[in-house]
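This report describes one protein chain for a reader who is new to structural work. Please keep the sequence and the structure in view while reading.

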Amino acid sequence: MTTPTTESSTGTASGRRSWLREHSELGVCVLLLALGVLVLTDALTMDVDITQRGPVGPKTVPVVVGIGLLVIAALLAVDVLRGGRGEAEGGEDIDLSEPADWRTVLLLAGIFLGAAVLIEPAGFPVAGALLFWGATFALGSRRVDRDPLIASVLSLITYVVFDKLLGVPLPGGPLMGVL
């Protein structure tokens, strides 16, 4: 008489892992579902006086986006479970055997966090310019004669469009009186 081996339990675990690999797009469905629930929860708990805003107020767009995210998550999940798979883009030139470029990822994360810290004391135009310039540097551009100028102009245009034209207040920092 032989003793039972753990092959059946190992086979079940590897079968489950292979099923998850084959249906990895379900992770995107879960992410879309969580994002949709978050957007809807935030929109529906927003305090808005309907007499000030009218029938279409600040809740309308987030509710539509949240519902859209939930519908897309459900449709994608049904497609994946029916055997649908995303196809690789024809022009994709990513070599998956190469390791990730963690230096670039960490540089971008550091630049983003630095801009977030600087936005209040230095203002959006300065923090935005450093963010744009730092991102170009992290992604490989070494044109120190051109990149800071483009980043500064792009940051100022963004500031003016949001703060002055759209009425979305952004911290101006030391440039508050100048702009």
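## Overall fold

Which pattern does the protein follow when it is read along the sequence? The pattern is α-α-α-α-α-α-α. In total there are seven helices and zero strands. It should be kept in mind that the model is a predicted one.

The protein has 179 residues, and buried residues make up 18% of them. The exposed area of the protein is about 13300 Å², and carbon and sulfur atoms supply 68% of this area. Among contacts with a separation of 6 or more, 61% are accounted for by residues 24 or more positions apart.

## Salt bridges

How many salt bridges does the count come to? The count comes to three salt bridges. One of them joins the side chains of R143 and D145, with a distance of 3.3 Å from N to O. In this pair R143 is partly exposed, at a relative accessible area of 40%, whereas D145 is exposed, at 57%. The value for D145 leads to the label "exposed" because that label applies over 50% relative accessible area.

A salt bridge also links R146 and D147, whose closest N and O atoms are 3.5 Å apart. Here R146 is partly exposed, with a relative accessible area of 36%, while D147 is buried, with a value of 7%. The side chains of K164 and D163 form a further salt bridge, at 3.3 Å from N to O. K164 counts as partly exposed, at 44% relative accessibility, and D163 counts as buried, at 16%. D163 is called buried because its value falls under 20%, the limit for that label.

## Aromatic rings

Two results concern aromatic rings. The count of aromatic pairs comes to zero. A charged residue does, however, sit over a ring: R142 lies over the face of F137, at 3.9 Å from the ring centre.

## A nonpolar surface patch

Which residues form the nonpolar patch on the surface? The patch is formed by L149, V153, I157, V161, F162, L165, L166 and V168. Together these residues have about 730 Å² of accessible area.

One member of the patch may be examined in more detail. L149 is placed in helix α7, which covers residues 147–165. Is L149 buried or exposed? L149 is exposed, with a relative accessible area of 56%. L149 can therefore meet the accessibility condition for a patch, which requires over 30% relative accessible area.

## The loop around V48

Attention now turns to a loop. V48 lies between α2 (26–44) and α3 (50–53), in the loop that separates these helices. V48 is partly exposed, with a relative accessible area of 33%. This label follows because the value lies between the 20% limit for buried residues and the 50% limit for exposed ones.

V48 can also be compared with another position in the chain. V48 and K59 are 11 residues apart in sequence. In space, the C-alpha atoms of V48 and K59 are 8.0 Å apart.

## P121 and its contacts

The last residue to be considered is P121. Where is P121 found? P121 is found in helix α5, which consists of residues 102–122. P121 is exposed, with a relative accessible area of 59%.

P121 and G172 are separated by 51 residues in sequence, and their C-alpha atoms are 8.9 Å apart in space. Which residues is P121 in contact with, leaving aside its neighbours within four places in sequence? On that basis, P121 is in contact with G173 and P174.

Note on methods:
Residues are numbered from 1 along each chain as its sequence is written. This is a predicted model: local features need pLDDT of at least 70, side-chain atom pairs count only at pLDDT 80 or more; totals for chains, interfaces and linings use all residues. Side-chain values use heavy atoms; hydrogens and water are left out. Rings of Phe, Tyr and Trp (its six-membered ring) pair if their centres lie within 6.5 Å; planes under 30 degrees apart count as stacked, over 60 as edge-to-face and the rest as tilted. A charge sits over a ring if NZ of Lys or CZ of Arg is within 6 Å of the ring centre and within 35 degrees of the ring normal. A salt bridge is a side-chain nitrogen of Lys or Arg within 4 Å of a carboxyl oxygen of Asp or Glu. Buried means under 20% relative accessible area, exposed over 50%, partly exposed in between (1.4 Å probe, protein chains only). Patches are made of residues with over 30% relative accessible area and no salt bridge: like charges are joined within 9 Å, nonpolar side chains (Val, Leu, Ile, Met, Phe, Trp, Tyr) within 5 Å. Accessible areas come from the Shrake-Rupley method with a 1.4 Å probe; for residues, only the protein chains shown count as cover. Helices (H or I, at least four residues) and strands (E, at least two) are DSSP runs, numbered from the N terminus. Contact means heavy atoms within 4.5 Å.
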